[in-house]
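User: I would like to understand how the descriptive words used for a protein model are justified. Could you take me through the reasoning step by step?

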Amino acid sequence: HPELELATTRLLDSIRYRGFSALEFARSRADGRHYFLELNTRTYYHNQLFSDAGVDLTQIGFLDAVGLDFRSV
């Protein structure tokens, strides 16, 4: 959904947010439009799958947020 990608980018840019996020939208049955429901700024349980595979997204996000080179992790 390109329109949701654009809405998400605009919202995150407008609040100058940088980091992990998940935005939830709902599509109205009445008018077919998507409406913003919530913004979650946490990582999710399935990130453990990445960690188990040797990619620690939480650590990478932290290092990036504090300006350290995460590519060496």
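User: Why is Phe-36 called partly exposed?

Analyst: In this predicted model, Phe-36 has a relative accessibility of 42%. The name buried is kept for values under 20% and exposed for values over 50%, so Phe-36, at 42%, counts as partly exposed.

User: What makes Phe-25 partly exposed or buried?

Analyst: The relative accessibility of Phe-25 is 22%, and because buried requires a value under 20%, Phe-25 counts as partly exposed.

User: How do you know that Phe-25 and Phe-36 form an aromatic pair, and what is the arrangement of their planes called?

Analyst: A search of the whole structure finds one aromatic pair, and that pair is made by Phe-25 and Phe-36, with 5.8 Å from centre to centre. Ring centres must lie within 6.5 Å to pair, and the value of 5.8 Å meets that condition. The planes are at 70° to each other, and because angles over 60 degrees count as edge-to-face, the pair is given that name.

User: Which parts of the protein does this pair tie together?

Analyst: Phe-25 belongs to strand S1 (residues 22-27) and Phe-36 to strand S2 (residues 34-40), so the pair ties together parts that are 11 residues apart in sequence. These elements belong to a protein with three helices and two strands, which follow the order α-β-β-α-α from the N terminus on.

User: Where is Gly-61 found, and why is Gly-61 called partly exposed?

Analyst: Gly-61 is found in helix H3 (residues 57-65), and its relative accessible area is 23%. Since partly exposed covers what lies between the limits of 20% and 50%, the value of 23% puts Gly-61 in that class. Gly-61 and Arg-18 are separated by 43 residues in sequence, while their C-alpha atoms are 9.5 Å apart in space.

User: How do you know how the radius of gyration of the protein stands against that of a compact globule?

Analyst: For 73 residues, a compact globule would have a radius of gyration near 11 Å, whereas the protein has 15 Å. The protein's value is therefore above the one expected from the globule rule. Along the principal axes, the C-alpha atoms fill a box of roughly 50 × 25 × 20 Å.

User: What share of the residues is buried?

Analyst: Buried residues make up 10% of the 73 residues, and the protein exposes about 6100 Å², of which carbon and sulfur atoms supply 53%.

Technical notes
Residues are numbered from 1 along each chain as its sequence is written. This is a predicted model: local features need pLDDT of at least 70, side-chain atom pairs count only at pLDDT 80 or more; totals for chains, interfaces and linings use all residues. Side-chain values use heavy atoms; hydrogens and water are left out. Helices (H or I, at least four residues) and strands (E, at least two) are DSSP runs, numbered from the N terminus. The radius of gyration is taken over C-alpha atoms; the globule rule is 2.2 Å times the number of residues to the power 0.38. Buried means under 20% relative accessible area, exposed over 50%, partly exposed in between (1.4 Å probe, protein chains only). Accessible areas come from the Shrake-Rupley method with a 1.4 Å probe; for residues, only the protein chains shown count as cover. Rings of Phe, Tyr and Trp (its six-membered ring) pair if their centres lie within 6.5 Å; planes under 30 degrees apart count as stacked, over 60 as edge-to-face and the rest as tilted.
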